[in-house]
Amino acid sequence: MTPVRRTRLLTRATVLAALALAASTGCSSSGKSPATGSSPTGAASSGQAGTVTVTEKEYTLTFSEMQLTPGSHTFVAHNAGTTDHALAISGPGVSTTQTSPIPPGGEAQFTVTLQQGSYELWCPIDDHKALGMDAHVQVGAGTAGSSSPTAAASAATPPPGNGY
């Protein structure tokens, strides 16, 4: 009886993994690698949601995708740090939208519709933004090479006496 249970669990797990993979790639046949977590080029402009993973760590933001097109995008914030973080966004057509605080190892997400223009993303907890968890993303025409991942270029070491 135990081998049958293992087979059923394995089958169930395989089905769940396949569904998760299909959901994360948007069932796209574009050939774009699902590892990027982003939509195929142009998909967002047709109304489909793109997914951007933002990894947060003391005191940086790292994006899975910086070349964004206008349309619906889901931002998934993953806290790879050792303290609580959150993610906020503001820009054309998007008043400040943010996640709840995310504990270390946790994730949170929000979906917004981006228009052409510049958006700011940051960690709204304490002074994390001032410590480097701040980035600007250009959406739309002329995005190639115009993104400014300021947080990714910031030093990951906190200033002396900060206690982290």
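**View 1. Glu120 sits in strand E7 of this predicted model.** The side chain of Glu120 reaches the side chain of Lys129 in a polar contact of 3.2 Å. Leaving out residues up to four places away in sequence, Glu120 touches Ala88, Ile89 and Ser90. On the same count, Glu120 also touches Lys129, Asp134, Ala135 and His136.

**View 2. Strand E7 pairs with strand E8.** Strand E7 covers residues 117–122. The pairing with E8 is antiparallel and runs over 6 bridges. Which residue in E8 is the bridge partner of Tyr119? Look for Val137.

**View 3. Four strands form an open sheet.** The strand order is E5-E4-E7-E8, and the pairing is antiparallel. Strand E5 (94–98) and strand E8 (134–139) are the edge strands, each pairing on one side only. From one strand to the next, the twist averages 15 degrees. What holds such strands together? Strands of a sheet pair through backbone hydrogen bonds.

**View 4. His85 lies in a loop.** This loop links strand E3 (71–79) to strand E4 (88–91). Is His85 buried or exposed? His85 is buried, because its relative accessibility is 0%, and the cut-off for buried is under 20%.

**View 5. The side chain of His85 makes polar contacts with Glu58 and His128.** The one with the side chain of Glu58 is 2.7 Å. The one with the side chain of His128 is 3.1 Å. Not counting residues up to four places away in sequence, His85 touches further residues, including Asn79, Ser100, Pro101, Cys123 and Met133.

Definitions and conventions
Residues numbered from 1 in each chain as written. Predicted model: local features only at pLDDT ≥ 70, side-chain atom pairs only at ≥ 80, totals over all residues. Heavy atoms only, no water. Pairing = 2+ DSSP bridges. Helix = DSSP H or I, 4+ residues; strand = E, 2+ residues; numbered from the N terminus. Axes fitted to C-alpha atoms, helices over the stretch in contact; angles between N-to-C directions. Polar contact = N/O pair within 3.5 Å; in protein donor to acceptor, adjacent residues only side chain to side chain. Contact = heavy atoms within 4.5 Å. Buried < 20%, exposed > 50% of the residue type's maximum accessible area, 1.4 Å probe, protein only.
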